[in-house]
Amino acid sequence: VIRCRAAVAWAAGKPLSVEEVEVAPPKAGEVRIKIVATGICRTDDHVLEGYFPNVDFPVIPGHEGAGIVESVGEGVTSVKPGDKVIPLCLPQCGECSFCLNPESNYCLKSHVSEPQNLLPDKTSRFTCKGKQIHHFLWVSSFAEYTVIPEYAVAKIDAAAPLDKVCLLGCGLPTGYGAAINTAKVKPGSTCAVFGIGGVGLSVVMGCKAAGASRIIAVDINKDKFAKAKELGATDCISPRDFKKPIQEVLIEMTGHGVDYSFEVIGHVDTVIAALASCNMNTGICVMIGVPASGSVISVDPMLLLTGRTWKATLLGGWKMRDCIPKLVSSYLEKKFNSDLLITHTLPITKVNEGFELLRAGK
Ligand code: NAD
Ligand code: ZN
Ligand code: ZN
């Protein structure tokens, strides 16, 4: 058993509490990882708000980490102590019907099919003050050590800087993949990205890499515009600067609407605005943001009857175990610069400050 620090969410609506926790050794098929760095994704904030009824408290959140294998359980063959790894919030068991389908990146072992609040044997490896603490998406990267099933761990290049490539655990692949895998953005096309946080900026990077000629970033926080332009946005607009709905503004700017629109906020009204912003016939809208559990989206059927395509993405469509190591190699070859997404670096004791910065749009 390892004793280390972890940021524990004891109940919804409360700040995280940095505690000493016990982390049990990995059982058969599991890997214990020393987490070196983690990002903060808005999804973690949704957890703290109690947005997801299928996440159990107390819980150790965090799902965008990178680390080093500390020990492995019986039967683990793909990684060994000392290997650099990224834990995967979307596993790839390699055996289920979705894993066997080359078109799919879903895995039936994912949280959406069966909650990952406990490891597959229905027990937790975390305890604190005598209480069992839940895992989050099996990753729980807000702990200094965590235990994860082998099929949710990707071994990466030993040269990768862990404090940078932790972003390849969620935000970067989600946004970048939404553009190149889910929407399949074509060269010369026009794109609109609603919400340019960490994930939305990664969409901008993906649209640029795919050769889009116009990338319109839409956000109510204008402080984000400089970074969006640096990463490839050609226009940046705030809905608050217009009297008319933003979809009408985008249609006027582009003639008939953009070729591809992306919602990366998680609000029902912006999901509808993004759908209406792509052109009525060949336009493709990708929903990435996660609206509150139980929300309902109602749209005018004409938006779809004219031919638009409305889709969504989980983690950008990548088969995670196969693709994350390749994305790390692309990062090392400087094919994209996700370092620009890093705004602050804080120690674990300041994790709540990190969330305050996220909520303040910093
Ligand atoms: P973030 O908070 O960093 O960014 C959200 C951005 O939206 C901010 O810049 C904010 O100013 C802007 N915004 C808020 N309200 C707006 C409005 N009404 N109009 C225009 N802009 C507005 O969040 P993030 O970490 O980039 O995550 C974005 C969303 O993606 C979240 O809902 C998160 O849960 C979701 N997500 C989904 C997946 C997936 O697999 N589908 C993966 C990761 C994250
Ligand atoms: Zn995330
Ligand atoms: Zn599977």
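How many of the ten residues of helix 8 (residues 268–277) are buried? Select that helix and take a look before reading on. This is a predicted model, by the way.

**Stop 1: helix 8**

The count is seven of ten, so helix 8 is mostly covered. To see which ones, highlight Thr270, Val271, Ala273, Ala274, Leu275, Ala276 and Ser277: these are the buried residues of the helix. Now bring up their surroundings. On the strand side, they pack against strand 10 (190–194), strand 13 (260–263), strand 14 (284–287) and strand 15. Helix 7 (246–254) and helix 9 (302–305) are also among the elements they pack against.

**Stop 2: the second largest pocket**

Keep strand 15 (309–312) on screen and add helix 4: each supplies at least two residues of the lining of the second largest pocket. That pocket holds about 270 Å³ of space. Its lining counts 14 residues, and if you want to centre the view, pick Glu103, Asn181, Thr182, Lys184 and Gly317, which lie nearest the middle of the pocket.

**Stop 3: the zinc ion**

Next, select ligand 2, a zinc ion, and show what is bound to it. The protein donors are Cys41 through SG, His63 through NE2 and Cys170 through SG, at 2.0 to 2.4 Å from the ion. Along the chain these donors are spaced as C-x21-H-x106-C. Cys41 sits in the loop between strand 3 (30–38) and helix 1 (42–48), while Cys170 is in the loop between helix 3 (162–165) and helix 4 (171–183), so this pair ties together parts 129 residues apart in sequence. Are the two cysteines buried or exposed? Switch on a surface and check: Cys41 has 7% relative accessibility, so it counts as buried. Cys170 is buried too, with a relative accessible area of 7%.

**Stop 4: an open sheet**

From the zinc site, strand 3 leads you on. It belongs to an open sheet of five strands, ordered 8-3-4-5-9, with antiparallel pairing. Colour strand 8 (145–149) and strand 9 (153–155) separately: they are the edge strands, each with a single partner, so one side of each has no neighbour in the sheet. Looking along the sheet, you'll find a twist that averages 45° from one strand to the next.

Zoom in on the strand 9 edge. Strand 5 (residues 84–87) runs antiparallel to strand 9, and three bridges join the two. Within this pair, Ile86 stands opposite Ala154 of strand 9.

Last selection: helix 10 (residues 320–332). This helix lies across strand 5 and strand 9, and its direction makes an angle of about 40° with strand 9.

Note on methods: Residues are numbered from 1 along each chain as its sequence is written. Chains are lettered from A and ligands numbered from 1 in the order in which they are written. This is a predicted model: local features need pLDDT of at least 70, side-chain atom pairs count only at pLDDT 80 or more; totals for chains, interfaces and linings use all residues. Side-chain values use heavy atoms; hydrogens and water are left out. Two strands pair if DSSP finds at least two bridges between them. Helices (H or I, at least four residues) and strands (E, at least two) are DSSP runs, numbered from the N terminus. Axes are lines fitted to C-alpha atoms, for helices over the stretch in contact, and angles run from 0 to 180 degrees between N-to-C directions. Contact means heavy atoms within 4.5 Å. Donors are N, O and S atoms within 2.8 Å of the metal (3.2 Å for Na, K and Ca); water is not among the atoms, so sites may look incomplete. Buried means under 20% relative accessible area, exposed over 50%, partly exposed in between (1.4 Å probe, protein chains only). On a 1 Å grid over the protein atoms alone, a cavity is a set of points where a 1.4 Å probe fits but cannot get out, and a pocket is an open set with protein on both sides within 12 Å along at least five of seven lines; lining residues have an atom within 4 Å of a point. Grid points are joined across faces, edges and corners, and a volume is the space filled by probe spheres set on the points.
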